[in-house]
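Good morning, and thank you for coming. Please look at the sequence and the structure as I put them on the screen, and keep them in view while I speak.

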Amino acid sequence: MKLHYQVDGDNFLVAGEASASLKRTLKQLGIDASIIRKISISMYEAEMNMVIHAYGGVIDVELSADKVAIILKDTGPGIPDIELAMKEGYSTATHEIRELGFGAGMGLPNMKRYSDYLNVYSEVGVGTTVEITVYLT
Amino acid sequence: MTIKELIRSAEFEIVAGEKGMDNEVEGGYVGDLLSFVMAHAKEKDVWVTIQGHINSVAVASLLGLSAIILSEGVAADSEMIKKADEEGIPILRTKLSSFDVVCKVSGVIRT
Ligand SMILES: Nc1ncnc2c1ncn2[C@@H]1O[C@H](COP(=O)(O)OP(=O)(O)OP(=O)(O)O)[C@@H](O)[C@H]1O
Ligand SMILES: [Mg+2]
């Protein structure tokens with residue numbers, strides 16, 4: 001099964017809708033709750049990063065018998081130093097964003113922790129692609 | 001215990017999400033940084049926070065939290081109320097500090 005989502009940049013009111021929608025689908029398919037949790041956390045963090053740091057983007061999800069593969073693609077500013085961005089506590093979020101509770105610098109570490117496979121490609125001025133895989137078994 | 005029972009014994013004001021009043025409560029989490037909540041809050045937790053906006057409802061809904069308790073007299077904005085009603089996530093409000101909310105809630109659910 002293939003799913004595609006368009007994510008608006010800087011629209012906080014609908015931010016997280018793609019993750020919520022995938023969660024509903026996985027629930028209907030009867031996927032185990034602890035696996036849905038891993039997928040929801042990883043995808044939400046990546047989706048919010050796209051909204052907060054990269055003016056939105058597109059998400060493609062491929063659901064197969066043994067895994068869920070999520071690819072999030074944006075054409076935002078890119079990440080100059082991915083190793084640094086992966087560090088717990090590292091954030092470039094603005095003051096306004098931090099007041100909403102984002103910007104703890106825990107999003108990428110959460111993706112790493114809750115997914116089975118995480119790959120972040122980024123090019124400054126071009127954009128960022130995040131690949132998340134969670135195994136179903 | 002359910003949210004309904006929790007409200008009865010701990011005097012929180014319900015401001016939205018009444019559809020979820022029968023949600024079960026098994027524990028709780030306190031925090032205002034959403035990524036920490038994502039990482040640590042568990043299904044059926046009540047979440048005590050001062051984040052009275054729509055993104056909190058998205059987090060609660062994704063994690064299957066049983067309710068959001070807004071402490072320190074913080075109000076829920078109108079988008080939060082609308083979303084919480086749609087999702088059936090109860091929003092409770094109180095003037096108590098987050099610490100005092102935890103004391104109250106734990107006194108009720110741990111006994
Ligand atoms: N899609 C992206 N485009 C551009 N920069 C990004 C993107 N995703 C992450 N970053 C950069 O990496 C940093 C760390 O991301 P991470 O998700 O770990 O933390 P955060 O988003 O700042 O805070 P939190 O996720 O805890 O709310 C961000 O502050 C930002 O500088
Ligand atoms: Mg983030």
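**Two chains, residue by residue**

At 30% relative accessibility, Lys44(B) counts as partly exposed. Here buried means under 20% relative accessible area, exposed means over 50%, and partly exposed lies in between, with a 1.4 Å probe and protein chains only. Before going further, I should say that this is a predicted model, in which local features need pLDDT of at least 70 and side-chain atom pairs count only at pLDDT 80 or more, while totals for chains, interfaces and linings use all residues. Residues are numbered from 1 along each chain as its sequence is written, chains are lettered from A and ligands numbered from 1 in the order in which they are written, and side-chain values use heavy atoms, with hydrogens and water left out.

Let us stay with chain B for a moment. Where is Lys44(B) found? Lys44(B) belongs to the loop between α2 (34–40) and β3 of chain B. Helices (H or I, at least four residues) and strands (E, at least two) are DSSP runs, numbered from the N terminus. The phi of Lys44(B) is near 70°, which is a positive value in a residue other than glycine.

A second residue of this kind is Glu72(B), with a positive phi of about 60° although it is not a glycine. Glu72(B) sits in the loop between β4 and α4 (78–87) of chain B. With a relative accessible area of 44%, Glu72(B) is partly exposed.

Glu72(B) also leads us to Ser98(B), a residue of helix α5 (residues 98–109) of chain B. Ser98(B) is buried, at a relative accessible area of 15%. Which residues are in contact with Ser98(B), leaving aside its neighbours within four places in sequence? They are Val30(B), Val48(B), Ser71(B) and Glu72(B), where contact means heavy atoms within 4.5 Å.

Next, please find helix α3 of chain B, residues 54–63. Because 10 of its 10 residues are buried, this helix is largely enclosed by the rest of the structure. Among the buried residues of α3(B) are Ile54(B), Val57(B), Val59(B) and Leu62(B), and also Asn55(B) and Ser61(B). Just after α3(B) comes Gly64(B), with a positive phi of about 70°.

Strand β4 of chain B covers residues 67–70. Ala67(B) and Ile69(B) point one way from this strand, Ile68(B) and Leu70(B) point the other way, and all are buried. In which sense do β3(B), residues 45–49, and β4(B) pair, parallel or antiparallel? They pair in the parallel sense, over four bridges; two strands pair if DSSP finds at least two bridges between them. Within this pairing, Trp47(B) has Ile68(B) in β4(B) as its bridge partner.

I now turn to chain A. It has five helices and five strands, and from the N terminus on its elements run β-α-α-β-β-α-α-α-β-β. The radius of gyration of chain A is 14 Å, close to the 14 Å that the globule rule gives for 137 residues, so chain A is as compact as a globular protein of that length. That radius is taken over C-alpha atoms, and the globule rule is 2.2 Å times the number of residues to the power 0.38. The C-alpha trace of chain A spans about 40 × 30 × 25 Å along its principal axes. Buried residues account for 50% of the 137 residues in chain A.

Strand β1 of chain A, residues 2–8, shows alternating side chains. Leu3(A), Tyr5(A) and Val7(A) point to one face and are buried, while Lys2(A), His4(A), Gln6(A) and Asp8(A) point to the other and are not. In a regular strand the side chains alternate between the two faces of the sheet. β1(A) pairs with strand β2 (residues 56–63) of chain A in the antiparallel sense, over seven bridges. In that pair, the bridge partner of His4(A) is Asp60(A) of β2(A).

From Leu3(A) we can move to Thr25(A), in helix α1 (residues 17–28) of chain A. Is Thr25(A) buried or exposed? Thr25(A) is buried, at 17% relative accessible area. Not counting residues up to four places away in sequence, Thr25(A) touches Met1(A) and Leu3(A). Thr25(A) and Leu3(A) are 22 residues apart in sequence and 10.0 Å apart in space, C-alpha to C-alpha.

Finally, Gly30(A) lies in the loop between α1 and α2 (33–54) of chain A. At 58% relative accessibility, Gly30(A) counts as exposed. Its C-alpha atom is separated by 17 Å from that of Lys2(A), 28 residues apart along the chain.
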